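Biologist: Could you take a close look at one part of this model, the loops with unusual backbone geometry, and then set that part in the context of the sheets and the ligand around which the rest is arranged?

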Amino acid sequence: MNPVKIFLLVGDPVKQSLSPAMFNAAFESLRLNSVYVAVEVPTKFLDDTVAGVRAIGISGLNVTTPHKIRIVDLLDELDDSANLVGAVNTVKNQRGKLIGFNTDGDGAIRALEENAGTVKGSKVVLLGAGGAARAIAFSLVRAGAELTIANRTFPRAKALVSDIERKLGSSANSVPLRRDRLRKVLKNADLLINATSVGMYPNVGQTLVTSDLIHHDMVVYDIVYKPLETRLLKEAKSAGAEVVNGLGMLVHQGALSFKVWTGKQAPIKVMESAARRELGRKDK
Ligand code: ATR
C-alpha cells in the first residue's frame, strides 16, 4: 500500500469547518489512502507551518481566514486563478514545489449554474468586496457576466473594479451600499449575490437587502451556509424570486480542490451529504 497522503486545512479558527467531514468522506468513497485534518494556525506560525509542510511532505492544503493572502508569498508558484485574485485557498505539493490555486470563485459559479443556469450575459449585483467577493467577481467577469459591485466601504468596491478592469480588460461597475442605489441597480438585475458575512450565524436576523428591492424574475444567491436559509433568502422567497443557498459553493470549491490534489473527479454527492450531515451535527 502507498503511504498515507496528508491534507490539512490551515486557518484560525477552524473548529466550525465542515471540510474534514467532506474530504474524508470523499477519500473513503474513492478508497484513497488519504486523510484530511483541520489545524488551527495563528498568523505568527504560518511561515513555520509552510516550512513544516515542505519538511514532512504534506500533500496539499486548504487555506482559510486569515491566511489566504499572506500565504501567497510563501509559495513557489501560483496558477491563474490565484494570481488574478491575489489569494489562495488550495495548495498542491508537487514533488516539493508548492503551487497555489483559488477555487472559491469557480466553485461559487458552478454551484450557481447547477441550480440556476448560465451566468453568461446576465446582469449581476454582487454585495461585498472582501476575499470571497473578490474571487467570485473575477470568476463572474471571466464567465461573461455584467457585474455591479456594492460594498459598505465603497473605496474597496472601486478598487476591486479597477483591478478587474486592469487584469481582465473587461469593464464592471461599483455603487455605494445604499438603499436608493441598490433599488436602482436591482431593478434590472438577473442575479443578486451576497458575498458578505451579513446574515451568518449568530447574526441570523441581518440582511443587506429586503424583499421590496427584489423582483420575482431574479435569482438570489447567498454564499452564507449557516443557516442554510438566511434572512436574505427568506426575503427573496417572499418576493417570489428563485433562491440558491451557500452549501453548493462549499461543496464545489472543495470538489475543485480535490481535483487539483488527486487529478480525479470529486464524488460531489458524497461530499454534499457529508457536509450536510456535519452541519446538522454542529448545530447541536
Ligand atoms: P471574506 O474573506 O469572508 O470575504 P472579508 O474579507 O473580511 O471576509 O470581507 C467581508 C465582507 O463583508 C466585506 O465586503 C465587508 O464590507 P467592508 O469591506 O465594508 O468591511 C462585508 N461586511 C461585513 N459585515 C458587514 C456589515 N455589517 N454590513 C455591510 N457589509 C459588511
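Modeller: Pro66 sits in the loop between strand 3 and strand 4, and in this predicted model the peptide bond that leads from Thr65 into Pro66 is cis, with omega near 5 degrees. A second cis peptide bond joins Lys226 and Pro227, where omega is about 10 degrees, and Pro227 belongs to the loop between strand 11 and helix 8. Arg31, in the loop between helix 1 and strand 2, is a further backbone feature to note, since its phi is near 50 degrees, a positive value in a residue other than glycine. As background, most peptide bonds are trans, and most residues other than glycine have a negative phi.

The loops of Pro66 and Arg31 are best read against the sheet that holds strands 2, 3 and 4. That sheet is open and is formed by six strands in the order 2-1-3-5-6-4, with mixed pairing. Its edge strands are strand 2 (34-40) and strand 4 (77-78), each of which pairs on one side only. Strand 3 (residues 60-63) runs parallel to strand 1 (residues 5-11), and four bridges join the two; within strand 3, Val63 is the residue that stands opposite Val10. Helix 1 (residues 19-29) packs on this sheet and touches strand 1, strand 2 and strand 3, while its direction makes about 170 degrees with that of strand 2. Helix 9 (residues 247-262) also packs on the sheet, in contact with strand 1, strand 2, strand 3, strand 5 (90-94) and strand 6 (97-101), and its direction makes about 10 degrees with that of strand 5.

The loop of Pro227 leads to the other sheet, which is likewise described as open, with six strands in the order 9-8-7-10-11-12 and parallel pairing. Strand 9 (173-176) and strand 12 (242-244) each have a single partner strand, so one side of each is left without a neighbour in the sheet. Neighbouring strands here are turned by 20 degrees against each other on average, direction ignored. Strand 7 (residues 123-127) and strand 10 (residues 191-194) run parallel and are joined by four bridges, and Leu126 stands opposite Ile193 in strand 10. Helix 8 (residues 231-238) packs on the sheet by touching strand 10, strand 11 (219-222) and strand 12, with a direction that makes about 170 degrees with that of strand 11. Helix 7 (residues 179-187) lies across strand 7, strand 8 (146-151), strand 9 and strand 10, and runs at about 150 degrees to strand 7.

Turning to the ligand, there are 14 residues around it, of which Ala132, Asn151, Arg152, Thr153 and Arg156 come nearest. By class, this shell has five nonpolar, seven polar and two charged residues. Several oxygen contacts can be listed with their distances: a polar side-chain atom of Thr153 lies 2.5 Å from an oxygen atom of the ligand, an N or O atom in the side chain of Asn151 is 2.7 Å from an oxygen atom of the ligand, and for Ala132 a backbone N or O atom lies 3.0 Å from an oxygen atom of the ligand. The protein covers 67% of the 640 Å² of accessible area that the ligand has on its own.

Notes:
Residues numbered from 1 in each chain as written. Predicted model: local features only at pLDDT ≥ 70, side-chain atom pairs only at ≥ 80, totals over all residues. Heavy atoms only, no water. Near = heavy atom within 4 Å. Polar contact = N/O pair within 3.5 Å; in protein donor to acceptor, adjacent residues only side chain to side chain. Areas by Shrake-Rupley, 256 points an atom, 1.4 Å probe, with all protein chains shown as cover. Nonpolar A, V, L, I, M, F, W, Y, C, P; charged D, E, K, R; others polar. Pairing = 2+ DSSP bridges. Contact = heavy atoms within 4.5 Å. Axes fitted to C-alpha atoms, helices over the stretch in contact; angles between N-to-C directions.
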